[in-house]
Amino acid sequence: METSEVQNQLQKLLAKDTPPGSKVWSWSYDEDPHDPQLFRARVQITAWRSVFSGDWCRGKKLAQRNACLEVKRALDRMADGGQPDPR
């Protein structure tokens, strides 16, 4: 699963809730103070007013993909009639 696939799903789902030119999500990263290569990504889904965090990973790209898995799980829960419950 690529980050762009999750972003496309979000954009389709939230098209009515996201003003033109606005981002569907925004990223931030936590850095491990003892290992400069460990990161945890956090992604804020603006329309949901939710933040999803991934696990600690080696490198920002892997950390971002890991956080995307959490967003994907939320999208899957919504497809099953649930809520986008951040974890």
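**Note on salt bridges and packing**

1. Six salt bridges are counted in this structure, which is a predicted model. The points below take up several of these pairs, and then the packing of helix α1.

2. Arg42 forms a salt bridge with Asp30, with 2.8 Å between the closest N and O atoms. Since Arg42 belongs to strand β2 and Asp30 to strand β1, the pair ties together parts that are twelve residues apart in sequence. Arg42 is partly exposed, at a relative accessible area of 28%, and a network of salt bridges links Asp30, Arg40 and Arg42.

3. The two strands just named, β1 and β2, pair in the antiparallel sense over seven bridges, and a hairpin of six residues joins β1 to β2. Within this pairing, Trp25 has Ile45 of β2 as its bridge partner.

4. A salt bridge is also formed between Arg58 and Asp35, whose closest N and O atoms are 3.1 Å apart. This pair links distant parts of the chain, with Arg58 in strand β4 and Asp35 in the loop between β1 and β2, 23 residues apart. Arg58 counts as partly exposed, at 48% relative accessibility.

5. In helix α2, Glu70 and Arg73 are three residues apart and thus separated by about one helical turn; their side chains meet in a salt bridge at 2.5 Å, N to O. Glu70 is buried, with a relative accessible area of 16%, whereas Arg73, at 41%, counts as partly exposed.

6. Thr3, Val6 and Leu10 are buried in helix α1, and because they cover an arc of only 70 degrees around the axis, they lie on the same side of α1. What covers the buried residues of α1 includes β1, β2 and α2.

Note on methods: Residues are numbered from 1 along each chain as its sequence is written. This is a predicted model: local features need pLDDT of at least 70, side-chain atom pairs count only at pLDDT 80 or more; totals for chains, interfaces and linings use all residues. Side-chain values use heavy atoms; hydrogens and water are left out. Buried means under 20% relative accessible area, exposed over 50%, partly exposed in between (1.4 Å probe, protein chains only). Helices (H or I, at least four residues) and strands (E, at least two) are DSSP runs, numbered from the N terminus. The arc is that of the directions from the helix axis to the C-beta atoms. Contact means heavy atoms within 4.5 Å. Two strands pair if DSSP finds at least two bridges between them. A salt bridge is a side-chain nitrogen of Lys or Arg within 4 Å of a carboxyl oxygen of Asp or Glu.
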